[in-house]
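Please open the model in your viewer and keep the residue numbering displayed. The tour below proceeds by selection, with a description at each stop.

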Amino acid sequence: MKLYVYEAIREDAHLLYGFVNKKEREMFLLLITVSGVGANTARMMLSGMSVSELCSAISTGNARMIQNVKGIGKMTAQRIIVDLRDKIVTLGIAEEIPAGGSVQAPVNNQVKDEAVSALTMLGFAPAPSQKVVLQILQEQPTAPVEQVVKLALKQIK
């Protein structure tokens, strides 16, 4: 098995962060360059969403999706979008966006937002809920909110 590592050396600690692939490590390195985003916040972002989802959110300016990660507020989400929108394309991290972006285009955002909000109110974390809801809406784009929530509850549990 291959593991990609980032080593952070500070006065009080030597920390290692491990990643499954190069794209994940490159995205982590980009995220920690943004003011207000530290290594732990970047790690939380990559734990809550995949690199392609994060690239899609950045390229489309979807601050709400980024804000679903614990510790990310409105200003930080906007700063991430502004700082990284051009960098993800120039570094080649966003190669997956055209395929992912075209698949996600037909998703009804109102239904998605309402379903994620309902799942969050029920106590589920926003980022995993959003993943499940997006998957359901890609398979069944015309599904009403109630059906999406029911299907999501079956998949989450």
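The stops that follow concern a predicted model.

**Stop 1: two crossing helices**

Begin by selecting helix H1, residues 22-31, together with helix H5, residues 74-90. The axes of these two helices come within 10 Å and cross at roughly 135°. H1 is therefore oblique to H5, since an angle of that value falls outside the ranges counted as parallel, antiparallel or perpendicular. The handedness of the crossing between H1 and H5 is right-handed.

Next, display the side chains at this contact. On the H1 side, select Met27, Leu30 and Leu31; on the H5 side, select Ile80, Leu84, Lys87 and Ile88, which they meet. By class, the residues of this contact comprise six nonpolar, no polar and one charged. As a reminder while viewing such a face, residues three or four places apart on an α-helix point the same way, because the helix has 3.6 residues a turn.

**Stop 2: the loop after H1**

Move on to Gly36, found in the loop that lies between H1 and helix H2 (39-48). Is Gly36 buried or exposed? Its relative accessibility is 58%, so Gly36 counts as exposed. Now add Thr76 and Arg79 to the selection: Gly36 touches both, when residues up to four places away in sequence are not counted. A distance drawn between the C-alpha atoms of Gly36 and Arg79 should read 8.7 Å, although 43 residues separate the two along the chain.

**Stop 3: an enclosed helix**

Select helix H3, residues 51-60. How many of the residues of H3 are buried? Seven of the 10 are, so H3 is largely enclosed by the rest of the structure. The buried residues to highlight are Val51, Glu53, Leu54, Cys55, Ser56, Ala57 and Ile58. Then step to Gly61, which follows H3 and has a positive phi, near 75°.

**Stop 4: salt bridges**

The model contains three salt bridges. For one of them, select Arg10 and Asp12, whose side chains meet with an N to O distance of 3.4 Å. Asp12 is exposed, because its relative accessibility is 62%, whereas Arg10 is partly exposed, with a relative accessible area of 47%.

Now select Arg64 and Asp113, which form another salt bridge, with their closest N and O atoms 3.2 Å apart. This pair links distant parts of the chain: Arg64 belongs to helix H4 (residues 63-67) and Asp113 to helix H7 (residues 109-121), and their positions lie 49 residues apart in the numbering. Arg64 is exposed, with a relative accessible area of 58%, while Asp113 counts as partly exposed at 29% relative accessibility.

Keep Asp113 selected and add Lys112. Here too there is a salt bridge, in which the closest N and O atoms are 4.0 Å apart. Lys112 is buried, its relative accessible area being 6%.

To finish, show Arg64, Lys112 and Asp113 together. Which interaction links these three residues? They are joined in a network of salt bridges.

Key. Residues numbered from 1 in each chain as written. Predicted model: local features only at pLDDT ≥ 70, side-chain atom pairs only at ≥ 80, totals over all residues. Heavy atoms only, no water. Axes fitted to C-alpha atoms, helices over the stretch in contact; angles between N-to-C directions. Helix = DSSP H or I, 4+ residues; strand = E, 2+ residues; numbered from the N terminus. Parallel < 35°, antiparallel > 145°, perpendicular 65-115°, else oblique. Left-handed = near helix turned anticlockwise from the far one by under 90°. Contact = heavy atoms within 4.5 Å. Nonpolar A, V, L, I, M, F, W, Y, C, P; charged D, E, K, R; others polar. Buried < 20%, exposed > 50% of the residue type's maximum accessible area, 1.4 Å probe, protein only.
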